[in-house]
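Here are my notes on this one, as promised. Have the model open while you read.

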Number of protein chains: 2
Amino acid sequence: MSQKGPMEIAFESISPAEFFYRNRQLAGFGNSSQAIYSTVRELVENSLDSCEDAQRLPSVKVEMSCEDSDIIRICVSDNGTGVAEEYVSRAFAKVLYGSKYHNRQRRGTFGLGVTMAVLYGQITTDSPVLIHTQCSGLQGKEYTLFIDVETNQPIVESSRPLKREFDGTSVTVQLRGDLKRAQERIVEYIRLSTISTPHAQILLEINGTESLKSGRWWDTVPPPVLGSNPHPRAADFEMLRRLAQTNGEKRLQDFLVSSFQKVGTKTSSRFLKFVSFDPAQKVSSLTRDDFGRLSTALRKFDGFENPDSKSLSPIGKEAFLAGIRSTFSISSQYYSSRGPSEWQGNPFIVEGVIAIGDDFPRSDIPAIYRFANRVPLLYDSSEDVLTKTVKKVNWKRYNVTSSAPAALLLHICSTRVPYKAAGKQSIDTIPEIEIAVLSLLKDLGRKLGKTVRKSEKALRENKKMREYARSFRHLAKFGAALAGVDEIPNTNRLVKQLFEVYPDE
Amino acid sequence: MSQKGPMEIAFESISPAEFFYRNRQLAGFGNSSQAIYSTVRELVENSLDSCEDAQRLPSVKVEMSCEDSDIIRICVSDNGTGVAEEYVSRAFAKVLYGSKYHNRQRRGTFGLGVTMAVLYGQITTDSPVLIHTQCSGLQGKEYTLFIDVETNQPIVESSRPLKREFDGTSVTVQLRGDLKRAQERIVEYIRLSTISTPHAQILLEINGTESLKSGRWWDTVPPPVLGSNPHPRAADFEMLRRLAQTNGEKRLQDFLVSSFQKVGTKTSSRFLKFVSFDPAQKVSSLTRDDFGRLSTALRKFDGFENPDSKSLSPIGKEAFLAGIRSTFSISSQYYSSRGPSEWQGNPFIVEGVIAIGDDFPRSDIPAIYRFANRVPLLYDSSEDVLTKTVKKVNWKRYNVTSSAPAALLLHICSTRVPYKAAGKQSIDTIPEIEIAVLSLLKDLGRKLGKTVRKSEKALRENKKMREYARSFRHLAKFGAALAGVDEIPNTNRLVKQLFEVYPDE
């Protein structure tokens, strides 16, 4: 912190840990409420990813307790794969260290979230992170770790063998903050998480008392999400260069077929003719200029199919509807989806449900619940492409009125979600995504419009029926009086029958 | 890109360059329009910072040209300090390498922006960055550089001595994108930049033709912004530990006085009494627990003064007003400021101008122009604390109506601006900042309210004057006719005199 005059400009390099320590609001750790929320969220996401890797129904437990006046202990446990000993210290205490990239849908982005939680705990309470993990067939182990912020290296404070009841991982961090203020958001986050991951069960315990048990609305683990080769339209210079480096001996055509998805012999032949390259040319003989032409052409050639969707895991119609039905009081709901489509070569699917029910606010625009790669997004709604697109739709056209409170639950899944910030709260406006979302919304709107019209009719009919019932009761009363009968006959059944016979009048 | 089944979870470490290559939208490089804008912006900001380091009036030239159908060449030149040879390759081709941190206001955040521009150019056009730089008294030199993305190391492709007309730096990158689509935003960015840095002149040349020359509305370089010790309320565990490491031999009291700003012998004595520590205790003898108590107490003790403002550089009343007057057609404007105040120990000042003029849209809420550390913010307005706070104010109370189109130009400067994302487009909602902005806005509102009332009165008076003038003309005409005079006397002067004598009627 020495003071230098102007003109003497010195430079320095900083570690990723130092960068995010100085700029922690970039990763969603700007203040203590945000930090508590982000910590729970990052740990739960890791747990859910890990359970799906293990192809097990996730059982996740979130324990929060107030140790001191403003020190909160957060422990998240799962029944996932566990973390192998060789990776533990770095996976939890080294920023930008994470599970290997396989070009497939994951909740976690790369190796930032959990280490940020560890870092925040360490700088606000000087506590290490406590990890208890056990992999299939191996002995459980417990660790306490710190991060050396300046070098971005893990410091193992202690480690010891410790059996765990079942395979999986528990992570405990302590951080400074106000539990009461953060609680509401955490409850909302967990409830919404079990809509987008309806096969998971999440338990929330606060100061030792069960506060929420949500989920397991669906009892099938979704099929494993497979990694895939990149789509040719995703090939920038850097990617091409790397692929070529390890495939120098291949013929150009074979290189294209083996490196990219959706490129077979036929497509590659047509492509190479389009760009005037010899299919038999060795990759190692290509010049920088050649790569330039190739890369440009890969993005311009319109003969490639859309990316495949095996690397994606949408929630799916039945599971999505089941989750919503179990969470909200609804009278009707409709599902629709669009895709697989692609943005810059990254496959994506958008799916959504429009629901009507008394849990939603009465407004002339539906309430919006956003999800990305099965993660609910609670903050920074107004700059998100989903919100922006919802606002572009004329909902009056679809009979959305405050008389029928509606909500939209929108999910985008992609091998790469274009988050606007590392805190993963809102999605950037990418034209291809905007188009797909707009088309989805219009379809949902049409489906809703029909119901609203139907339910308005039902309301009218109901009113009519009540009027008839009243008149009939009067008639029966007068009739009974005229006839000198004491007991007034019940006319309700009569009215009901009348409306059953002529339901459309 | 190999496909692994579930359960086999491998991990890997990635370099900061790789992280931002994969997640470039986090740094404002998500698509080509964004990338062009961010490139110009990062280069201009670096140039302005460098000129101020050199204490020179900045002359910055931005040249953009379309080399190919969709390849844009961007060159930004300045008359700043230049970059010393030992730093050049890393400063431009290593992510998270930047000018040393001195706890003072800067435009650039740490070592990300310019390298992102270099990275984006490299992956979209395979071109190196071209640097031409010359420091005071030294020979100029030209370099071409690439980034090795996987290792985050610079690759020097070429370097040669080359004299430069004057000291400073020129940076040229080539990237893929649409010049026409990006142009409007760039022009707006430059015009607004010369409001917040009114002593700078910025020239924009497009395809060799001067397209805009803006600035030098003020001819004084602001005094150098000095680094300062951290404020005690900013001391988290990490900071305390680092400070203690290099000050082990000091007595606790001396340690506090020399490490923090606004802590003299008196204040430190009171503080140490408050936290029950012996002022003479050696720093090296403090336990982890002691640091814990110290850190907590440093944030809770209410006897510290507000942070000092020598590390800040607000635009200032006269310079701010001069910049606005030179850029917009305005009829009146008022300045106000709040602070220095602090958030989490970081000093900040907010200042703003409310202006009325025909360049602004007619609305019942003023148009908003946001600035942070003298940088205009053009994107992601709706989630910004400045915008959010403006919307909280009831502008009707201050007579803001669509009849008098108004604009708010708001500047926050701080040693640390809590940007929401690395693309630096919007500011996080920090309670301390919100309070200061609200107070500023109310003051500006009151000042505006007075003018609006005055101008409404002026409008009424003007109308009255026109009516009088018409009546007098008629009277004069009739009088002349009655008198048989051909020439009708001019009554305008008479009416004017009448209103000069009784201006308040």
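**Notes on the two chains**

1. Start with chain A: the centres of its domain 1 and domain 2, taken over C-alpha atoms, are 41 Å apart. Domain 1 covers 16-215 and domain 2 covers 232-300, followed by domain 3 (317-452) and domain 4 (459-501); the bounds come from an automatic or database domain assignment.

2. Before going further, this is a predicted model, where local features need pLDDT of at least 70 and side-chain atom pairs count only at pLDDT 80 or more, while totals for chains, interfaces and linings use all residues. Residues are numbered from 1 along each chain as its sequence is written, with chains lettered from A and ligands numbered from 1 in the order in which they are written.

3. How do the copies relate? A turn of 180° and a shift of 0.0 Å along the axis lay chain B on chain A with an RMSD of 0.2 Å (least squares on the C-alpha atoms of residues with pLDDT of at least 70 in both). That is a two-fold axis relation. In chain B, B:Ala421 comes closest to the rotation axis, its C-alpha being at 2.4 Å.

4. The contact draws 60 residues from chain B and 60 residues from chain A, counting residues whose C-beta atoms, placed from the backbone, lie within 7 Å. Helix 1 of chain B gives the largest share of chain B's side, four residues.

5. Look also at strand 4 (residues 97-99) of chain A, which pairs antiparallel with strand 1 of chain B over three bridges. Pairing requires at least two DSSP bridges, and strands are DSSP runs of E, at least two residues, while helices are H or I, at least four, numbered from the N terminus. A:Ser99 has B:Phe11 as its bridge partner.

Conventions:
Contact = placed C-beta atoms within 7 Å.
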